[in-house]
Amino acid sequence: MDELLRFQPLYFDRVWGGRALETALGRPLPPGGPIGESWDLVDRPEAQSVICGGTLAGQTLQAALHKHSAAIMGPGWPAGRPFPLLVKWLDCRERLSLQVHPPADVAGELGGDPKTENWFITDTSPGAHLIVGLKRGVTRDQFERGLAAGTAEQYVERFPVVPGDSILVRSGQLHAIDAGCLILEIQQNSDTTYRVFDWGRMGLDGKPRTLHVAQSLRSILWDDAGPALVRAAPTAGVIAECPEFLIRRLPLAAGEKFSIAAGEQPRLLSVVAGSLRVAKPEGEALVRGDNVLLPRAGSFVFEALSGAIVLVTENFYIPSK
């Protein structure tokens with residue numbers, strides 16, 4: 001399978017969203033309310049990516065994995081296993097809720113799934129911040145008193161960010177995204193989120209959104225070591241590494257090429273700045289905002305059409321030889 005796989009994005013209204021996916025990425029959005037999320041690659045019962053273009057056009061990701069698992073993922077891919085990652089764009093015009101995803105050791109008893117995720121920040125408004133982790137030394141009792149008093153913010157780590165910054169948020173880390181951030185999120189295939197505090201906000205229906213305080217308190221890492229922000233840099237390197245995936249940042253000058261060999265492992269390629277040409281085999285263009293799946297069986301050569309930054313995600317499935 002010597003062709004990359006593109007997918008039709010799935011868009012979702014969110015109370016904290018906006019229209020930046022249209023203005024910043026040039027995507028035609030559905031009319032109506034604020035669009036907070038674009039799921040660019042997903043294989044879940046409630047949401048399926050559909051391939052657009054190529055010989056598999058019109059097939060869902062699930063169907064393609066069922067029919068072509070060895071070519072896409074490699075030998076030994078378990079029949080019926082969902083794709084292990086979910087890739088989405090987040091347009092955070094307003095602050096998200098203070099939330100947590102359950103660690104693997106408690107997710108089962110809570111009826112959810114763990115979700116470690118990486119945020120790559122592509123655009124920010126002046127004064128943009130992230131919230132990740134508890135301040136050092138904060139206890140569960142202190143945090144619970146802060147929730148009751150509406151002062152939870154004083155117990156969490158809040159720090160400024162600029163385009164090009166990146167941070168790995170582990171399952172169990174308390175977190176939120178402040179207003180004015182456009183973010184590419186690469187995460188485990190999970191949609192389990194527990195809101196512990198929502199800043200007194202109303203939902204799109206005019207009612208307070210559901211909170212999951214008990215589940216959140218059970219999930220929070222109370223001995224959290226805090227955030228590990230990777231600042232923007234013009235150099236190539238690993239920006240995220242965890243048992244679930246590894247992400248490499250690859251800056252490219254105009255005309256610079258890089259290749260992906262066949263027969264190693266499947267990879268994701270995300271264009272977060274500039275544009276590329278697929279020099280081998282198709283010759284099509286990839287522009288800022290595109291996320292594509294590179295099957296294990298494919299061999300690819302890419303050339304930057306302008307100065308570009310590409311994220312390459314790998315190690316989410318390494319087939320045995």
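**Questions on a predicted model**

Trainee: Is L204 buried, partly exposed or exposed?
Mentor: The model is a predicted one. L204 has a relative accessible area of 54%. The cut-off for exposed is over 50%, so L204 counts as exposed.

Trainee: Where is L204 placed?
Mentor: L204 is not part of a helix or strand run, as its place is in a loop. The two elements that flank this loop are strand 13 and helix 5. The place of L204 is therefore the loop between strand 13 (194–197) and helix 5 (213–219).

Trainee: Which residues does L204 touch, not counting residues up to four places away in sequence?
Mentor: Contact here requires heavy atoms within 4.5 Å. With residues up to four places away in sequence left out, L204 touches D13, R14, V15 and P34.

Trainee: How far apart in space are L204 and C92, C-alpha to C-alpha?
Mentor: Along the sequence, L204 and C92 are 112 residues apart. In space, the C-alpha to C-alpha distance between L204 and C92 is 15 Å.

Trainee: Which residue lies in the loop between strand 13 and helix 5 and has a positive phi although it is not a glycine?
Mentor: Most residues other than glycine have a negative phi. The residue asked for has a phi of about 60 degrees, and its relative accessible area of 23% makes it partly exposed. This residue is W199.

Trainee: Where is N315 found, and what is its phi?
Mentor: N315 is found in the segment after strand 23 (308–314). At 31% relative accessibility, N315 is partly exposed. N315 is not a glycine, yet its phi is positive, at about 65 degrees.

Trainee: Which residues are in contact with E244, leaving aside its neighbours within four places in sequence?
Mentor: E244 sits in the loop between strand 15 (237–242) and strand 16 (245–252). Its relative accessibility of 25% puts E244 in the partly exposed class. Outside four places in sequence, E244 is in contact with L85, T116, Q188, N315 and F316.

Trainee: How far apart in space are E244 and E153?
Mentor: E244 and E153 are separated by 91 residues in sequence. From C-alpha to C-alpha, the distance between E244 and E153 is 29 Å.

Trainee: Which peptide bond is cis, with omega near 5 degrees?
Mentor: Most peptide bonds are trans. The cis bond leads into P281, a residue in the loop between strand 19 (275–280) and strand 20 (285–287). The bond is the one from K280 to P281.

Trainee: Is F258 buried or exposed?
Mentor: F258 is found in strand 17, residues 257–260. Outside four places in sequence, F258 touches L250, L252, L269, L276, F300, V301, F302 and V310. Its relative accessible area is 11%, and the limit for the lowest class is under 20%, so F258 is buried.

Trainee: How far are the C-alpha atoms of F258 and F300 separated?
Mentor: F258 touches F300. The two residues are 42 residues apart along the chain, and their C-alpha atoms are separated by 8.5 Å.

Trainee: How far are the C-alpha atoms of G32 and D13 separated?
Mentor: G32 lies in the loop between helix 1 (20–23) and strand 2 (35–41), and at 66% relative accessibility it is exposed. G32 and D13 are 19 residues apart along the chain. Their C-alpha atoms are separated by 8.6 Å.

Trainee: How many disulfides are there?
Mentor: A disulfide needs a pair of cysteine sulfur atoms within 2.5 Å. Among the cysteines, C52 is partly exposed at 30% relative accessibility, and C242 is buried at 16%. By the distance rule, the number of disulfides is zero.

Trainee: What radius of gyration does the protein have?
Mentor: The protein has five helices and 23 strands, and its C-alpha atoms fill a box of roughly 60 × 40 × 40 Å along the principal axes. For 321 residues, a compact globule would have a radius of gyration near 20 Å. The protein agrees with that, at 20 Å.

Trainee: What percentage of contacts between residues at least 6 apart in sequence join residues at least 24 apart?
Mentor: Of the 321 residues, 53% count as buried. Among the contacts in question, the share joining residues at least 24 apart is 75%.

Trainee: How far apart do the centres of the positive and negative side chains lie?
Mentor: The protein exposes about 13,000 Å², with 53% of it from carbon and sulfur atoms. There are 32 positive and 36 negative side chains. The centres of the two sets lie apart by 1 Å.

Note on methods. Residues numbered from 1 in each chain as written. Predicted model: local features only at pLDDT ≥ 70, side-chain atom pairs only at ≥ 80, totals over all residues. Heavy atoms only, no water. Buried < 20%, exposed > 50% of the residue type's maximum accessible area, 1.4 Å probe, protein only. Helix = DSSP H or I, 4+ residues; strand = E, 2+ residues; numbered from the N terminus. Rg over C-alpha atoms; globule rule 2.2 N^0.38 Å. Areas by Shrake-Rupley, 256 points an atom, 1.4 Å probe, with all protein chains shown as cover. Lys, Arg positive; Asp, Glu negative; His and termini not counted. Charge placed at Lys NZ, Arg CZ, Asp CG, Glu CD.
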